[in-house]
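Please look at the predicted model shown here, and follow the path set out below through its helices and strands.

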Amino acid sequence: MINSNITADVVEAEEFMDMAQHYKVMGVPKTVINDSTEFVGGVPDEYFVNIILQTLGKPEHEFATAQQSELAGS
Amino acid sequence: MPLISDADREVLVQRFNDRLTGTVTIKLFIESAARSLLTIPGQPSGQASGQYGKLTKELMEEVTDLSPLLHLEVADIRGDGAEDAARLGVQRVPAMVLDSESGGRVKYYGIPAGLEFSTILEAIEALSRKEPSLSEAVAKVVEEAIQEPVHLQVFVTPT
């Protein structure tokens, strides 16, 4: 929605067993980025973005912690 | 018998009334029953995928009936929808393309049943409001730092 370079597919693993097997899905939710990086489970958005940046070979973004941004805002 | 109970229907109508602001067109690709008797090795049996397609169609018809802002277009991947499916990169059915206007960047393969029903509702609502659920800081990085194609595949189960 924010960036048109990004496409997302949700795949129901039980119906598409062949895909689930191809990507060795052992647990859900499992996320695969550009067919190369993968992780299982839910992660915070900040972490997710950094995994994408890593996959693209870009430097990670340092997000301010909630506490820091509160301080900055005050 | 409808898949969504009367009580749930009432809740959903209210929820859509409160949360939807723009129209959302959902393009659903299925395989027509006659053809789906074919079984392709390594693929779910044609009959099974036809059955899932039928159920997904029923479910999404019921959902899109609950708000005038929601539209459902159903097409046969081997028939009237073949060209569209190729353009949007859909190779498997049932498949739903949620933002077909902007090139189909969000796709859902399979039936959005069980827990995944809320996933599809949230996706519909986010698209309708054009509001991502990300924080400002994260949205900014996503917007600015990514210039190359990123393809995300998320595997889920209905339970």
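A good place to begin is helix H4(B), which lies across E1 of chain A together with strand E1 (24-30), E2, E4 and E5 of chain B, and which runs at about 135 degrees to E1(B).

The strands just named belong to an open sheet of eight strands with mixed pairing, whose order is E3(A)-E2(A)-E5(B)-E1(A)-E4(B)-E3(B)-E1(B)-E2(B). Its edge strands, each pairing on one side only, are strand E3 (37-40) of chain A and strand E2 (70-76) of chain B, and neighbouring strands are turned against each other by 15 degrees on average, direction ignored. Helix H2(A) also packs on this sheet, where it touches E2 and E3 of chain A as well as E5 of chain B, its direction making about 155 degrees with that of E3(A).

Within the sheet, E5(B) pairs in the antiparallel sense with strand E2 (residues 30-33) of chain A over four bridges, and here Leu152(B) is the bridge partner of Ile33(A). E5(B) also runs parallel to strand E1 (residues 6-12) of chain A, to which seven bridges join it, with Val156(B) as the bridge partner of Glu12(A).

Which residues of helix H5 (residues 136-145) of chain B are buried? They are Val138(B), Val141(B) and Val142(B), and because they cover an arc of only 100 degrees around the axis, they lie on the same side of H5(B). Helix H2 (45-55) of chain A is included in what covers these buried residues, whereas Glu136(B), Glu143(B) and Glu144(B), on the other side of H5(B), are exposed.

Conventions
Residues numbered from 1 in each chain as written. Chains lettered and ligands numbered in written order. Predicted model: local features only at pLDDT ≥ 70, side-chain atom pairs only at ≥ 80, totals over all residues. Buried ≥ 20, exposed ≤ 12 C-beta atoms within 10 Å, placed from the backbone. Helix = DSSP H or I, 4+ residues; strand = E, 2+ residues; numbered from the N terminus. Arc of directions from axis to C-beta. Contact = placed C-beta atoms within 7 Å. Pairing = 2+ DSSP bridges. Axes fitted to C-alpha atoms, helices over the stretch in contact; angles between N-to-C directions.
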